[in-house]
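Colleague: Hi! Could you walk me through this model, one question at a time?

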Amino acid sequence: NRMSIAKILKMQVNQKQTTKSQQIAVGSKVYMTVNGVQQTWEIVSEGNTDIQNLRVAANAPLIQLILGAKAGEKIKGTVRKRNVIIEIKKVELATC
């Protein structure tokens with residue numbers, strides 16, 4: 001069974017839509033800007049933070065602000081008495 005090019009392209013579009021609508025949760029890899037600075041983090045369960053490998057726990061103050069958000073959203077909040085503006089660029093499943 002050979003797949004048509006149109007069918008393959010449709011699968012790729014559907015995959016991109018799924019990625020774009022993915023909500024931020026434990027197991028997500030999040031591409032975002034924080035006050036204009038590009039950051040990428042993998043969200044892990046509490047106790048598994050590994051800053052050197054860009055893994056941060058879901059209970060971290062910054063992550064608490066963005067849990068449940070989706071790509072394209074802008075979140076304003078306060079982290080450790082500092083105002084932050086977070087723009088979610090992309091959310092995907094982490095590949096651990």
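Colleague: Which residue in strand 5 is the bridge partner of Y31?

Modeller: Happy to start there: this is a predicted model, in which local features need pLDDT of at least 70, side-chain atom pairs count only at pLDDT 80 or more, and totals for chains, interfaces and linings use all residues. Residues are numbered from 1 along each chain as its sequence is written, and side-chain values use heavy atoms, with hydrogens and water left out. Strand 1 and strand 5 run antiparallel and are joined by seven bridges (two strands pair if DSSP finds at least two bridges between them; strands are DSSP runs of E with at least two residues, helices runs of H or I with at least four, numbered from the N terminus). Within strand 5, Y31 has as its bridge partner K90.

Colleague: In what order do the elements of the protein run from the N terminus on?

Modeller: The protein has two helices and five strands. Reading from the N terminus on, their order is α-β-β-β-α-β-β.

Colleague: And in what order do the five strands lie in the open sheet?

Modeller: Strands of a sheet pair through backbone hydrogen bonds, either parallel or antiparallel. Here the pairing is mixed: strand 1 and strand 2 are antiparallel over six bridges, whereas strand 2 (residues 37-44) and strand 3 run parallel with three bridges. The order in the open sheet is 3-2-1-5-4.

Colleague: Which are the edge strands?

Modeller: An edge strand here pairs on one side only. Neighbouring strands of this sheet are turned by 45° against each other on average, direction ignored (the axes are lines fitted to C-alpha atoms, and angles run from 0 to 180 degrees between N-to-C directions). The edges are strand 3 (55-57) and strand 4 (74-79).

Colleague: Which residue of strand 3 is the bridge partner of E42?

Modeller: Three bridges hold this parallel pair, strand 2 and strand 3. In strand 3, the partner of E42 is R55.

Colleague: Is strand 1 largely enclosed or largely open?

Modeller: Buried means under 20% relative accessible area, exposed over 50%, and partly exposed in between, using a 1.4 Å probe and protein chains only. On that scale, 28% of the 96 residues in the protein are buried. Because five of the seven residues of strand 1 are buried, strand 1 is largely enclosed.

Colleague: Which strand gives the most residues to the largest nonpolar core?

Modeller: A nonpolar core is a set of buried Ala, Val, Leu, Ile, Met, Phe, Trp, Tyr and Cys residues joined through side-chain atoms within 4.5 Å. This one has 19 residues, and among those that touch the most other members are V30, I43 and I86. Strand 1 (28-34), strand 2, helix 2, strand 4 and strand 5 each supply at least two residues. With four residues, the most comes from strand 5.

Colleague: Which residue stands opposite V30 in strand 5?

Modeller: V30 is one of the core residues that touch the most other members. Opposite V30, in strand 5, stands V91.

Colleague: What is the phi of R80, and why is that notable?

Modeller: Most residues other than glycine have a negative phi, and most peptide bonds are trans. R80 is not a glycine, yet its phi is positive; R80 sits in the turn of the hairpin of strand 4 and strand 5, with two residues between the strands. R80 is exposed, with a relative accessible area of 71%. Its phi is about 50°.

Colleague: What is the volume of the largest pocket?

Modeller: On a 1 Å grid over the protein atoms alone, a pocket is an open set of points where a 1.4 Å probe fits, with protein on both sides within 12 Å along at least five of seven lines, and lining residues have an atom within 4 Å of a point. The lining includes N35, Q39, L62 and R80, and strand 2, helix 2 (61-66) and strand 5 (82-93) each supply at least two of its residues. A volume is the space filled by probe spheres set on the points, which are joined across faces, edges and corners. For the largest pocket, the volume is about 220 Å³.

Colleague: Last one: how far apart are the C-alpha atoms of S45 and V56?

Modeller: S45 lies in the loop between strand 2 and strand 3 and counts as partly exposed at 34% relative accessibility. S45 and V56 are eleven residues apart along the chain. Their C-alpha atoms are separated by 8.1 Å.
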